[in-house]
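Subject: Structure handover

Hello,

Here is the structure you are taking over. Notes on what was found in it follow below the display.

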Amino acid sequence: MTDATSAARWRAGILAAVLIAGGGGYWLGLSGQSDAPTEATGSGGRKILYYYDPMFPNQKFDKPGKSPFMDMQLEPKYADEGSGAAPGVSVDPAARQSLGIRVVAAEMGSIAATFDVNGSIDFNQRDVAIVQARSGGFVERVYRLAPGDVIRAGAPIADLQLPEWGSAQTEYLSVKKLRKPELTAAARQRLRLMGIPEGVIAEVDRTGRTGGKLTVRAPIGGVVQTLNARVGVTLATGQTLAEISGLGTVWLNAALPEAQAELVKTGQRATATLTAFPGESFAGRVIAILPTASADSRTLTVRVELANRGGRLRPGMFATVALGGDAKPALLVPSEAVIRTGTRNIVMLEKGDGRYHPAEVVAGREGGGKTEILQGLAPGEKVVASGQFLLDSEASLTGLTVRSLESAQ
């Protein structure tokens with residue numbers, strides 16, 4: 001065999017090997033194409049995009065199986081959800097049972113007319129007496145008192161020596177000796193204008209003796225808040241000697257949520273209970289609703305005036321007050337059905353075909369586990385009262401548009 005013949009045969013063998021290899025590759029390609037799994041499809045030929053755990057909808061899985069988070073099977077996410085089908089979150093009956101979804105119809109009813117708020121006892125700031133020096137002088141004696149002491153009306157506070165009063169009384173007696181009624185009346189009136197009590201003037205008339213000494217007494221009974229009188233202190237006209245807060249009535253300042261502001265009016269009756277007196281109640285009335293709200297707690301201050309017989313109600317005590325309003329018909333849903341996002345309130349509506357859709361509502365009063373719906377729902381519409389947060393999360397993931405208040409009308 002020549003060298004040329006051998007080379008030709010070698011080239012032919014190489015070509016055959018290449019053809020066989022190419023054919024084998026082509027066959028393997030076809031074989032691989034036919035054996036590869038097609039896109040996952042569910043019942044009815046619906047295309048499955050991925051699998052997920054309804055309790056953790058942000059996590060996606062490629063294959064079905066048991067959830068690594070909960071003791072439940074993964075749910076399929078179909079491609080036609082939210083496109084050709086009606087908008088909403090779809091949950092099959094088995095999943096609804098495992099998720100504990102509970103649906104309640106919105107219905108007409110009424111919320112309890114009374115509700116409780118908390119507050120504390122304070123002094124009645126309208127029942128305050130300021131004891132002052134009516135004339136310049138000095139303190140001669142101070143009776144045994146200190147701030148915080150409870151005193152009765154008329155109790156002595158201090159003895160003052162007022163020289164101006166002594167000279168004015170002497171002048172009055174001199175004018176009186178002239179026996180001219182008009183001059184005597186004018187001199188007497190001057191004593192009154194100086195602040196000399198009628199009892200002191202009558203004593204001067206009766207005895208004919210003058211004196212600039214005065215015993216200052218408490219004009220009301222109550223608590224001594226401040227005591228500035230000290231023995232030997234020189235006084236100026238109008239200087240404050242003591243401040244007394246009365247205890248005949250006290251104020252109960254209660255924190256009212258601003259959402260319930262319309263339920264309370266000035267003049268309404270109120271009933272207070274205190275932990276210090278179990279089994280007892282104290283009747284009062286609302287005398288004011290302060291014009292400003294607390295920025296931190298979003299509450300208004302309701303001022304209730306209570307009678308304080310025997311001084312039992314002490315400022316600083318904690319109290320619960322029952323405030324009342326007229327019971328009016330209202331559209332009610334369970335309070336747990338309302339999802340409060342901070343900017344708006346949302347409920348999950350059952351559409352009747354196994355789908356759920358979010359809807360915005362305006363919430364009103366609350367009481368007895370019920371919330372009043374002012375706008376956004378109609379009587380008979382069904383809302384989810386349990387499991388609604390999972391459905392709302394799924395609705396957010398799928399980009400469902402929340403039904404607006406205008407659309408509900």
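Contact here means heavy atoms within 4.5 Å. By that rule, and leaving aside its neighbours within four places in sequence, Ile-289 is in contact with Val-264, Lys-265, Thr-266, Leu-300, Thr-301 and Val-302. Please keep in mind that the model is predicted.

Ile-289 lies in strand β18, which covers residues 282-293. Is Ile-289 buried, partly exposed or exposed? Its relative accessible area is 28%. Because buried means under 20% and exposed means over 50%, Ile-289 counts as partly exposed. Another residue to look at beside it is Arg-303: the two are 14 residues apart in sequence, and their C-alpha atoms are 6.1 Å apart in space.

The protein overall

The secondary structure comes to seven helices and 26 strands. The protein has 409 residues, and buried residues make up 36% of them. Taking the contacts with a separation of 6 or more, 70% are accounted for by residues 24 or more positions apart.

The barrel

Strand β18 belongs to a barrel that six strands close, in the order β7-β16-β19-β18-β17-β20. The pairing in this barrel is antiparallel. On average, neighbouring strands of this sheet are turned by 40 degrees against each other, with direction ignored. As background, strands of a sheet pair through backbone hydrogen bonds, in either a parallel or an antiparallel way.

Two of the pairings can be followed residue by residue. How many bridges join β16 to β19? Nine bridges do so, between residues 249-257 of β16 and residues 299-307 of β19, and the two strands run antiparallel. Val-250 has Leu-306 of β19 as its bridge partner. Further along β16, Leu-256 stands opposite Leu-300 in β19. Leu-300 has already come up above, as one of the residues in contact with Ile-289.

The other pairing is between β16 and β7, the latter made of residues 114-123. Five bridges join these strands, which are antiparallel as well. Here Ile-121 stands opposite Leu-252 in β16.

The open sheet

There is also an open sheet of four strands, with the order β12-β11-β9-β14 and antiparallel pairing. Why is one side of β12 and of β14 left without a neighbour in the sheet? Both β12 (213-217) and β14 stand at the edges and have a single partner strand each, so one side of each has no neighbour there.

Inside this sheet, β9 (residues 137-142) pairs with β14 (residues 234-235) over two bridges. One bridge can be placed by its residues: Gly-137 has Leu-235 of β14 as its partner. β9 also pairs with β11 (residues 156-161), over four bridges in the antiparallel sense. In that pairing, Val-139 stands opposite Leu-160 in β11.

Two loop residues

Where is Arg-403 placed? Arg-403 is in the loop between α6 (388-397) and α7 (405-408). Its relative accessibility is 17%, so Arg-403 counts as buried, the cut-off being under 20%. The side chain of Arg-403 makes a polar contact with the side chain of Glu-381, at 3.1 Å. Setting aside neighbours within four places in sequence, the residues in contact with Arg-403 include Glu-381, Leu-349, His-357, Pro-358 and Ala-408.

Ser-67 is placed in the loop between β2 (56-61) and β3 (75-78). At 7% relative accessibility, Ser-67 also counts as buried. Not counting residues up to four places away in sequence, Ser-67 touches Asp-53, Met-72 and Leu-74.

Rings and charges

Two charged side chains sit over aromatic rings. Which residue lies over the face of Tyr-50? That residue is Lys-60, at 4.7 Å from the ring centre. Arg-312 lies over the face of Phe-277, and its distance from the ring centre is 4.3 Å. As for rings paired with rings, the count comes to one aromatic pair.

Regards

Conventions. Residues numbered from 1 in each chain as written. Predicted model: local features only at pLDDT ≥ 70, side-chain atom pairs only at ≥ 80, totals over all residues. Heavy atoms only, no water. Pairing = 2+ DSSP bridges. Axes fitted to C-alpha atoms, helices over the stretch in contact; angles between N-to-C directions. Buried < 20%, exposed > 50% of the residue type's maximum accessible area, 1.4 Å probe, protein only. Polar contact = N/O pair within 3.5 Å; in protein donor to acceptor, adjacent residues only side chain to side chain. Phe/Tyr/Trp six-rings, centres within 6.5 Å; stacked < 30°, edge-to-face > 60°. Lys NZ or Arg CZ within 6 Å of the ring centre and 35° of its normal.
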